[in-house]
Amino acid sequence: MNVVENHTRSPRRPHVKVRKVRKEQKELSQLQEEQIHRSVDEILHAGQALAAAAKAAASVTQAELTNTELAVWQGDLKTRFATVQEDSQQNLGFIEEHIFLSSCEPLRLQAQRAAQLKANTTSCVCSKCKTQLVSVKYIARKIDSRFGQLVVFRHYGQCPDCQEWQCPADDALGLAKNAVASPYVQEVSALLVSKMPSEQAVLVAQRLGLDLSRCTLHREAHRQGVKAQEVRSATVTQLDTWEDIKELAHSSTEGPQSQPFTLVIEIDAWNIRERDGWGQTKELRAKDKTFSQWHWVYVGTVFRLDHRSQTAGNRAIISQRRYVATRLGIPALMRQLHREAIDCGLGQTKDVLVIGDGAVWIWNIAKDRFCDARQRLDLYHADEHLWSVANQLYGKGTPEAAQWVKPLLEQIRNDQTPATIQTLQELESGLTQALQKKLQTQINYFQSHLNRMCYKEIIDARKAVKSGDPTPQQKLKANEPLGSGAIESTCRQYQCRFKRTGQFWSLAGDEALMCLETFWRNGRWEELYPHVKLSSPSLN
Ligand SMILES: [Zn+2]
């Protein structure tokens, strides 16, 4: 067989395997050559397209659609409306959806042209020294907008004096460096992520017609939070000198003098879980068991008493109020709260009331910033302390405990706390040492807050209002809060976003989002997003 085979094969023809490899090599090199040609073509083509786009951008003179574009849009709508009429299943929801879908591209086109026009008419000068920029290039930038992605060309150049490279049109359009979000997308990212976790925010945004990734939303919201903190710092810095404070208080008193009013300030704190070991490896974190820790968020609220009223169901509602929430410590809370209090009329009133629980730091703030204020211990915290004694003496939830505590709760409401203290002191001798120690803690609590425990006047005023025979003075007094319920409900509202099961924060992350949330609650959103003024004259 071998002999025959050798004889029949041509001696000059290479082996079949060699032929196969050569063939493959030839095909490969042909393919590579084609690819090189194609990519060169593509680059050339892309270059030409970019040059054409730049030329078109530079010549944009109007944002409006052309008659042809308008006709195409109208035609598309007509077809869609015909579908709605034919299909009995398509309700108004479908009509809304059709109009939205049909309008996306025309609106995007107009937004892109209007932005282009604004960019083209922005002077190419340095933002600091107004010198004409040099080495100017015309560069495209992609922007995520309310109407989808826009491409806008802008001049980019260097200031010969400051040496800085700048893009004046970006400032004019309100675009941040290295961020794709338009001002509207910046705002929506901030709003959504401060209200809900980013994975939910992505889906909500999508339903509202915004195609944004979780990463974009999260990163943009954080950036906005940092911006909000800068704005907040700038307003709080106005409190650095006594002259500034006086001027600020004076400027907020301008305008017609109002009736005398009481300013109420409530202060509290809650805790948030942070992961301290961000960036650490799993092993390091496993070794350090304390990597996740609880930290205090300090909160406060300020309102005028005449903005507080009762619903028919006896629930308090406050029509206008300011909030403060910060993870940056007590001094930060103090400054921010002072600033909000001035805005609420601290300089216009002589009657300020601070309400809080037993925490020492609260009363230190009151002493430091609101030294002439009346102070009130939250009545319900005082009740809790008495209940705690009752439960220790007679067992939790027993009728004996309830029977023992009842007259003492009544005493507190009648401003007879010294009698309550005496009752507690008389108890001490018959108790074990451990119980004596616990009881002493409670006695100390009531003694230290004695001057903050005046409730009778309010309770009597409320009774008079109920019986329909209050004096004008009682009418006002009845509206005063006995406790710090307003701030406690505020804490719960913040916690809905910031204290979810399994949630960990970083200090930078939670402070940024909490700052955004507070701007929103305080009706100061348009300070961050001036375009909001167009459609919401008042957010409150
Ligand atoms: Zn310059």
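Here are some friendly notes on a predicted model, taken one feature at a time.

1. **The zinc site.** A good place to start is the zinc ion. Its protein donors are the SG atoms of C126, C129, C159 and C162, which lie 2.2 to 2.4 Å from the ion. The angles among these four donor atoms run from 99 to 116°, and the site is tetrahedral. For comparison, the ideal angle for four tetrahedral donors is 109.5 degrees.

2. **How the donors are spaced.** Try finding the four cysteines in the sequence: they follow the pattern C-x2-C-x29-C-x2-C. Within this set, C129 and C162 link distant parts of the chain, being 33 residues apart. C129 belongs to the loop between α4 (92-120) and β1 (134-145), while C162 belongs to the loop between β2 (148-158) and β3 (165-166).

3. **Are C129 and C162 buried or exposed?** Neither word fits, because a residue counts as buried under 20% relative accessible area and as exposed over 50%. C129 has a value of 32%, so it is partly exposed. C162 is also at 32% and therefore counts as partly exposed.

4. **K246 and G347.** Next, look at helix α9 (residues 242-251), where K246 is found. With a relative accessible area of 48%, K246 is partly exposed. Along the chain, K246 and G347 are 101 residues apart, yet their C-alpha atoms are separated by 8.2 Å.

5. **Two helices packed together.** Helix α14 (residues 399-413) packs with helix α15 (residues 417-427) at an angle of about 145°, and their axes are 7 Å apart. On the α14 side, the contact is made by W404, L408, Q411 and I412. The α15 side brings in T417, A419, T420, T423, L424 and L427. Sorted by type, the residues of this contact are six nonpolar, four polar and no charged. While you look at the helices, remember that an α-helix has 3.6 residues a turn, so residues three or four places apart point the same way.

6. **What span should helix α20 have?** This helix covers residues 507-521, and at 1.5 Å a residue its 15 residues should span 21 Å. The C-alpha atoms at its ends are 21 Å apart, so the model agrees with the expected value.

7. **The surroundings of α20.** Helix α20 is mostly covered, with 12 of its 15 residues buried. Among them are L513, M514, L516 and F519, and also D510, E511, E517 and R521. Just after the helix comes G523, which takes a positive phi of about 65°.

Methods:
Residues are numbered from 1 along each chain as its sequence is written. This is a predicted model: local features need pLDDT of at least 70, side-chain atom pairs count only at pLDDT 80 or more; totals for chains, interfaces and linings use all residues. Side-chain values use heavy atoms; hydrogens and water are left out. Axes are lines fitted to C-alpha atoms, for helices over the stretch in contact, and angles run from 0 to 180 degrees between N-to-C directions. Helices (H or I, at least four residues) and strands (E, at least two) are DSSP runs, numbered from the N terminus. Contact means heavy atoms within 4.5 Å. Ala, Val, Leu, Ile, Met, Phe, Trp, Tyr, Cys and Pro count as nonpolar, Asp, Glu, Lys and Arg as charged, and the others, Gly among them, as polar. The expected span of a helix is 1.5 Å times one less than its number of residues. Buried means under 20% relative accessible area, exposed over 50%, partly exposed in between (1.4 Å probe, protein chains only). Donors are N, O and S atoms within 2.8 Å of the metal (3.2 Å for Na, K and Ca); water is not among the atoms, so sites may look incomplete. Four donors count as tetrahedral if all angles lie between 85 and 135 degrees; four count as square planar and six as octahedral if opposite donors are over 155 degrees apart and all others between 65 and 115; anything else is irregular.
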